[in-house]
Amino acid sequence: MKRGSSLVVEDVCKTFGHGADEHRVIEGLSLRVDPGEFVCIVGPSGAGKTTLLRCLSGLTRPSSGTVRYGDRPVVKPLADIAVVFQDYRGSLLPWMRVRDNVAFPLEGMGIKRAERRERAEECLVAVGLAGVGDKYPWQLSGGMQQRVAIARGLAYEAPVLLMDEPFGSVDAQSRFDLEDLTLALRAKLGITVIVVTHDIDEAVYLGDRVVVLGGRPTTVVDSLTVDLGAARDQITTRADARFTDLRTRVLTRVRMAQAGGEPKHTEAPDAARG
Ligand SMILES: Nc1ncnc2c1ncn2[C@@H]1O[C@H](COP(=O)(O)OP(=O)(O)OP(=O)(O)O)[C@@H](O)[C@H]1O
Ligand SMILES: [Mg+2]
């Protein structure tokens with residue numbers, strides 16, 4: 001796996017619609033994510049989290065401002081940036097076997113059939129789904145389907161993985177398993193991971209840093225470093241006083257932002273963070 005570059009968002013605004021329908025969703029948002037970092041983005045429903053992730057992935061162009069990956073402007077999807085979408089049910093193709101669902105995006109990258117198959121199998125093994133390649137998505141549980149969606153994200157072998165509410169629609173136990181799987185994959189592959197979630201506990205459990213979105217239109221209202229070390233455990237980490245302190249701080253920030261009382265957090269995109 002090649003080492004990735006920093007993903008830098010500078011003063012991004014996003015407006016939808018025209019004329020009387022025009023509404024600004026994101027306003028003056030700046031953010032920098034360094035190679036190998038695990039950043040969780042939290043914010044209220046409808047705040048523009050998916051819109052931001054689409055801008056980060058090159059699927060949507062900001063109305064103004066820039067997104068850069070290293071020295072490249074992100075103006076279209078890049079092979080270095082993989083995305084796991086919010087709704088796996090809508091993103092897996094029901095008529096395609098699991099293996100083909102995972103391998104499908106690689107076709108457009110000009111990768112030969114044998115290698116596509118091999119990579120798909122490897123990624124299914126990585127997410128704990130060895131041996132299910134011949135099945136169809138609808139033959140699997142929700143948690144397993146979400147693993148397939150993650151496997152497809154991994155198949156790109158991209159140094160950056162963006163995930164939008166990746167565990168939102170699975171049961172609590174599967175969610176814990178998938179969180180730990182994501183942490184393990186990040187540790188093993190050294191990739192940059194950005195997870196959008198509205199679950200504050202999950203954000204603190206997973207992240208090296210939690211970025212809080214808020215305001216109308218949305219911007220970054222805070223960025224909190226999670227000083228819990230790299231090794232996390234569902235029982236001991238969540239019971240740690242530092243964990244509960246952090247979740248309280250993040251929740252307070254989110255509430256303040258919802259109430260409109262939080263000033264914009266400014267972070268010079270290229271400045272070193274403390
Ligand atoms: N293509 C679009 N055209 C018009 N408006 C859009 C479009 N995409 C998003 N929006 C609007 O932008 C706002 C933010 O939507 P977005 O999906 O980014 O929010 P979100 O924070 O991901 O929400 P959720 O937590 O529910 O997933 C919403 O008001 C939505 O209606
Ligand atoms: Mg969303």
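In this predicted model, ligand 1 has a shell of residues around it made up of F16, H23, V25, P44, S45, G46, A47, G48, K49, T50, T51 and Q86. Sorted by character, that shell comes out as four nonpolar residues, seven polar ones and one charged one. The spot itself is easy to pick out, since the space that ligand 1 takes up is the largest pocket. Two elements give two or more residues each to the shell, namely β2 (23-33) and α1 (49-57). Of the whole shell, α1 supplies the largest share, with three residues.

Looking at individual atoms, a few polar contacts stand out. An oxygen atom of ligand 1 lies 2.8 Å from an N or O atom in the side chain of T50. The backbone joins in as well: a polar backbone atom of G48 is 2.9 Å from an oxygen atom of ligand 1, and for A47 a polar backbone atom is found 3.1 Å from a ligand oxygen. As for how much of the ligand is covered, ligand 1 would expose 640 Å² if taken alone, and the protein buries 58% of that.

Next comes the sheet. Four strands form an open sheet with antiparallel pairing, and their order is β2-β1-β4-β5. The edge positions belong to β2 and β5 (72-73); each has a single partner strand, so one side of each is left without a neighbour in the sheet. Strand β2, then, is a sheet edge and also one of the elements that give two or more residues to the ligand shell. Further in, β1 (residues 7-16) pairs with β4 (residues 64-69) in the antiparallel sense, and five bridges link the two strands. To take one residue from that pairing, V9 has V67 in β4 as its bridge partner.

Finally, there are a couple of backbone oddities. As a rule, most residues other than glycine have a negative phi, and most peptide bonds are trans. Residue D11 goes the other way on phi, with a positive value near 50° even though D11 is not a glycine. D11 is found in strand β1, the strand that pairs with β4. The other oddity is a peptide bond: R216 and P217 are joined in the cis form, with omega at about -10°. P217 has its place in a loop, the one between β9 (209-214) and β10 (219-225).

Note on methods. Residues are numbered from 1 along each chain as its sequence is written. Chains are lettered from A and ligands numbered from 1 in the order in which they are written. This is a predicted model: local features need pLDDT of at least 70, side-chain atom pairs count only at pLDDT 80 or more; totals for chains, interfaces and linings use all residues. Side-chain values use heavy atoms; hydrogens and water are left out. A residue is near a molecule or strand if one of its heavy atoms lies within 4 Å of it. A polar contact is a pair of N or O atoms within 3.5 Å; within protein, one must be able to donate a hydrogen and the other to accept it, and residues adjacent in sequence count only if both atoms are side-chain atoms. Accessible areas come from the Shrake-Rupley method with a 1.4 Å probe; for residues, only the protein chains shown count as cover. On a 1 Å grid over the protein atoms alone, a cavity is a set of points where a 1.4 Å probe fits but cannot get out, and a pocket is an open set with protein on both sides within 12 Å along at least five of seven lines; lining residues have an atom within 4 Å of a point. A molecule sits in a cavity or pocket if more than half of its atoms lie within 2 Å of its grid points. Ala, Val, Leu, Ile, Met, Phe, Trp, Tyr, Cys and Pro count as nonpolar, Asp, Glu, Lys and Arg as charged, and the others, Gly among them, as polar. Two strands pair if DSSP finds at least two bridges between them.
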